[in-house]
Amino acid sequence: MLGKLHTFQVLAECGSYTEAAKQLYCSQPSVSQHIRYLEEYYGVKLIIRKKQHIELTERGILL
């Protein structure tokens, strides 16, 4: 769980799945899987994907 929360933190700071994957030395699908897990675990949407970046939802900002 802590690894997934760290992934979320890096993604929130970077604003990009690709950049987060580079910083975490993992694949972009791994980042997506971690975020999907957290959204299912908490039962809320945390991230809104845009074309070139992401935005945090209100719940994502709280997390």
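A polar contact is a pair of N or O atoms within 3.5 Å. Such a contact is found at the start of helix H2 in this predicted model. There, serine 16 caps the N-terminal end of H2. A side-chain oxygen of serine 16 lies 3.3 Å from the backbone nitrogen of threonine 18. The side chain of serine 16 also reaches the backbone nitrogen of glutamate 19, at 3.2 Å.

Serine 16 itself sits in the loop between H1 and H2. Its relative accessible area is 18%. Buried means under 20%, so serine 16 counts as buried. Beyond its neighbours within four places in sequence, serine 16 is in contact with Leu11 and Ile54. Leu11 falls within helix H1, which spans residues 2-14. Ile54 belongs to strand E2, residues 54-56.

Helix H2 covers residues 17-24. Tyr17, Ala20 and Ala21 are its buried residues. Seen down the axis of H2, they fall within an arc of 100°, so they line one face of the helix. This buried set packs against two helices, H1 and H3, and against two strands, E1 (47-49) and E2. At the other end, H2 is followed by tyrosine 25. The phi of tyrosine 25 is positive, near 55°.

The packing of H2 on H3 was examined next. Helix H3 comprises residues 28-42. The axes of H2 and H3 come within 8 Å and cross at roughly 105°. Angles of 65 to 115 degrees count as roughly perpendicular, and H2 and H3 are therefore roughly perpendicular to each other. On the H2 side, the contact involves Tyr17, Thr18, Ala20, Ala21 and Leu24. On the H3 side, Gln28, Val31, Ser32 and Ile35 take part. By class, this contact has six nonpolar residues, three polar residues and no charged ones. Tyr17, Ala20 and Ala21 thus appear both in the list of buried residues and in the contact with H3. Thr18 also appears twice: its side of the contact with H3 is in H2, and its backbone nitrogen lies 3.3 Å from a polar side-chain atom of serine 16.

A separate set of contacts involves helix H4, residues 58-62. Arginine 59 lies in this helix. Arginine 59 and valine 44 are 15 residues apart in sequence. In space, their C-alpha atoms are 7.2 Å apart. Leaving aside neighbours within four places in sequence, arginine 59 is in contact with Val44, Lys45 and Leu46.

Conventions: Residues numbered from 1 in each chain as written. Predicted model: local features only at pLDDT ≥ 70, side-chain atom pairs only at ≥ 80, totals over all residues. Heavy atoms only, no water. Axes fitted to C-alpha atoms, helices over the stretch in contact; angles between N-to-C directions. Helix = DSSP H or I, 4+ residues; strand = E, 2+ residues; numbered from the N terminus. Parallel < 35°, antiparallel > 145°, perpendicular 65-115°, else oblique. Contact = heavy atoms within 4.5 Å. Nonpolar A, V, L, I, M, F, W, Y, C, P; charged D, E, K, R; others polar. Buried < 20%, exposed > 50% of the residue type's maximum accessible area, 1.4 Å probe, protein only. Arc of directions from axis to C-beta. Polar contact = N/O pair within 3.5 Å; in protein donor to acceptor, adjacent residues only side chain to side chain.
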